[in-house]
Structure formats: structure tokens, C-alpha cells
Amino acid sequence: MSVPDAELLVHLAEALGTSVESLLNASPCPPDAQESAADLSAQLAELNRLYARQQERRRIFWRIVCILIAATSLLILAAAGVAMLYSWLEYRELAAAVGVIGGADGPTTVFVTKATPQWISIQLIAGIGAAALAGVWHTRRHDASEK
């Protein structure tokens, strides 16, 4: 008597383990309306194919975006790690060179430090990378065998 929209038809077909075409052809029609129902079924099947293709394109687009963001975050974190390692090695070298400075009342130890990388920005970049990896996982291809 009525036809649901293409997205609902896709979900119904997946839930029932059948195709959209078989759902549309299985509904009883009066004999004089069978031809118009067949035309409607063909049109809806074509709309369903177009919708599925559009959804696949969107999925691929967002998967590529998430992969690029995750890769960029990983590169930034690797560069920050190298910078931290370099800073730590440089600090050790500098601390060994300073040693102990003598004062009037005896030796005095001088603590020399350098500014360390901003932990908040590193955590933010790591969070963005983790969200991008979650997006990569979310945009994976969903096959009927997985459900």
C-alpha cells in the first residue's frame, strides 16, 4: 500500500537477510496495478543503488580524511619525541659540564634546566590522532557477514 524511503528499505532488507527488490516484489498488489508496481520497484531499486554508491563515496572520503589526520598526528608526535630526546640529551651534557660551583660556605650545586615541550599540546595532538584512528575504525567497510 505504501513504500518506505530508500534508507529504511536498505535497513529492512539487511535485517531480513534479503534484497530490496525481493521486499518490493513480495508485497501483494491488485492484478491491474502489477505493472505500475514493477515500474515503482525498478525505480526504487535504481534509487537504492544510487544511494548505496553515494554512501560508499562518503565512507571512502571520510576514511581518507581520518587516515590523513592520524598520519599527520603520528608524524607530529614523532617529531615532538625526537625533540624531547634531543633536549634531554642536551640537558644531560649541560648538567655534567656545569658541575659544582664553590661558594663562600662550601660547594653549591646549580640546577640548570631548559623549557620542556608543552604537554598540553602533545596531549591534544595525541587526542586528535586517537579520534582520527577511531574514525578510521568507524568508517571500515561493513559487510553482511560482520552483523
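Helices, of at least four residues, and strands, of at least two, are taken here as DSSP runs numbered from the N terminus. On this basis the chain of the predicted model holds four helices and two strands, and read from the N terminus these elements follow one another in the order α-α-α-β-β-α.

Confidence varies along the chain, for which the mean pLDDT is 75, with 66% of the residues reaching 70 or more. The highest value among the elements belongs to helix 4, spanning residues 119-138, at a mean of 86, whereas the lowest belongs to strand 1, spanning residues 100-103, at a mean of 54. Where pLDDT is low, the predicted coordinates should not be read in detail.

Of the 147 residues in the chain, 15% are buried, and the exposed area of the chain comes to about 11300 Å², of which carbon and sulfur atoms supply 66%. Among the contacts in the chain with a separation of 6 or more, 57% are between residues 24 or more positions apart.

Val-10 offers a local view of the model, being placed in helix 1, which covers residues 6-16. Because its relative accessibility is 18%, Val-10 counts as buried, the cut-off for that class being under 20%. When residues up to four places away in sequence are set aside, Val-10 touches Val-20, Asn-48 and Tyr-51. Val-10 and Ala-52, which are separated by 42 residues in sequence, lie 8.8 Å apart in space when the distance is taken from C-alpha to C-alpha.

Notes
Residues numbered from 1 in each chain as written. Predicted model: local features only at pLDDT ≥ 70, side-chain atom pairs only at ≥ 80, totals over all residues. Heavy atoms only, no water. Buried < 20%, exposed > 50% of the residue type's maximum accessible area, 1.4 Å probe, protein only. Contact = heavy atoms within 4.5 Å. Areas by Shrake-Rupley, 256 points an atom, 1.4 Å probe, with all protein chains shown as cover. pLDDT = per-residue confidence, 0-100.
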